[in-house]
Amino acid sequence: MSTISKIVVVSSLYILLVCFILHTTAQDSRREALEFTIDIGSGSKDSDLSKGCNDEHHTLPFELSCPLPRTHIATLPALPSKREVLVFADQRLAVVYPVIQKFKSIITSDPLGITKTWLGSDICSYKGFYCDNPPDNKSAVVVASIDFNGFQLSAPTLDGFLDQLPDIALFHANSNNFAGTLSPNIAKLRYLYELDISNNQFSGPFPTAVLGMSGLIFLDIRFNFFTGSVPAQIFTQNLDALFINNNNFMMQLPENIGNTHVLFLTLANNKFNGPLPRSIFEAFSSLAEVILLNDQLTGCIPYEIGMLKDAVVFDAGNNQLTGHLPFSLACMENLEQLNFAGNLLFGMVPEVLCELGKLVNLSLSDNYFIYVGPLCRILIERGVLDVRNNCIPDLPFQRSVMDCANFFAHPRICPRMWSYTYIPCYNFPYSSSIPEMAPSP
């Protein structure tokens, strides 16, 4: 081997030896550093080491190589999401959306959780709301009707809600706790033809705004607290049904009530007073039910009552009607229930009345009748006729003699007394025409 070759080999071996020594030294240093770090973090008993990296005044003879302290990064709040964009099926639905939401905000009680469904742009899926195509645009979609019946919602007013639904046709909200008065702006609701706000807490005068609503055919405001008088105009308006019973109206029934077109009319449980207009019976000739219960009606019953040929129910109980029962009641051949209980009627119970074949309830109790014939006594035995608390001498459960005597001590005279035996629907055995003047005594 040449000298040069030997030199090369020795140099290579030397270089390898140096690299090995350096590598070994580096591993030992890293092991010591690792062991030192573990001792500090594991709670060494050495007082100097126990101070660790947190003590800048340590007395160790060398500088500690400490990791940088962790910095706590606060969780940043989430960026606000993009505002929800409501998309409505029709622009007219977008118009009423804020109206509905505003009304929702004033509802003070919702025991059935109805308003929980009033969310989002799909108004037609809200409970109680119904959509349809309006008459002026068959391609449009609008809130056409509302049915809140029995929802038990409470709100201080309907103002700003009902009157702001421009396409509403039916509004039914009975059996809730809505209050206040009705806005006159409802007169602008051009499609509204049914309005039912019965059994609520409305008060104040009769809602006169309905008088200008030519399309309205159904009005039900019963079981509220309306007061004052009822405009006579309402009776001649083109209504099919008018229910105003169970309020606090006080007035005489107007004469123009005889010109009414109403098919269903209830006036009961108010404070209507004065006599029954003779024209009322001709107007009501097609009615199946006539309810005048619990008012303050006075005067005598005109023979025109017999014109109620289609009546199934006639109820005028608990008033102050007086005089005799007219024989014309015999013309009410469809009559099933007749109630004159709790009045000031007297005289005899007409036998022709007791001949009506469909009667199931004839209540004449709490009056001052003095006589019933054999046909009527049969109805008493059947439980159809009730004449308790009258002045019939041979029947049980009658008024005292003193009570009856006091009543008859103050005679009550009815006009046109001769008409009480007139039966317009047949001739025998009574006169079929009314004489032009009263017969002589």
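A cavity is here a set of grid points where a 1.4 Å probe fits but cannot get out. In the predicted model, a search of the whole structure with a threshold of 30 Å³ or more returned 1 cavity. The volume of the largest cavity is about 40 Å³.

The lining of the largest cavity consists of Arg92, Leu93, Val96, Val142, Val143, Leu165, Pro166, Asp167 and Ile168. By residue class, 7 of these are nonpolar and 2 are charged, with no polar residue present. Two secondary-structure elements, helix 3 (91-106) and strand 2 (142-147), each supply at least two residues of the lining. The greatest contribution is that of helix 3, which provides 3 residues.

Strand 2, one of the elements that line the largest cavity, was examined further. Of the 6 residues in strand 2, 5 are buried, and the strand is thus mostly covered. Strand 2 pairs with strand 1 and is also bridged to strand 4. The pairing with strand 1 (residues 129-132) is antiparallel and comprises 4 bridges; within it, Tyr130 has Ser145 of strand 2 as its bridge partner. Strand 4 (residues 170-172) runs parallel to strand 2, and the two are joined by 3 bridges. Here Ile146 is placed opposite Phe171 of strand 4.

Strand 2 therefore combines two roles in the description of the model: under the definition of lining residues as those with an atom within 4 Å of a cavity point, strand 2 supplies at least two residues to the lining, and strand 2 also has bridges to strand 1 and to strand 4.

Terms used:
Residues are numbered from 1 along each chain as its sequence is written. This is a predicted model: local features need pLDDT of at least 70, side-chain atom pairs count only at pLDDT 80 or more; totals for chains, interfaces and linings use all residues. Side-chain values use heavy atoms; hydrogens and water are left out. On a 1 Å grid over the protein atoms alone, a cavity is a set of points where a 1.4 Å probe fits but cannot get out, and a pocket is an open set with protein on both sides within 12 Å along at least five of seven lines; lining residues have an atom within 4 Å of a point. Grid points are joined across faces, edges and corners, and a volume is the space filled by probe spheres set on the points. Ala, Val, Leu, Ile, Met, Phe, Trp, Tyr, Cys and Pro count as nonpolar, Asp, Glu, Lys and Arg as charged, and the others, Gly among them, as polar. Buried means under 20% relative accessible area, exposed over 50%, partly exposed in between (1.4 Å probe, protein chains only). Two strands pair if DSSP finds at least two bridges between them.
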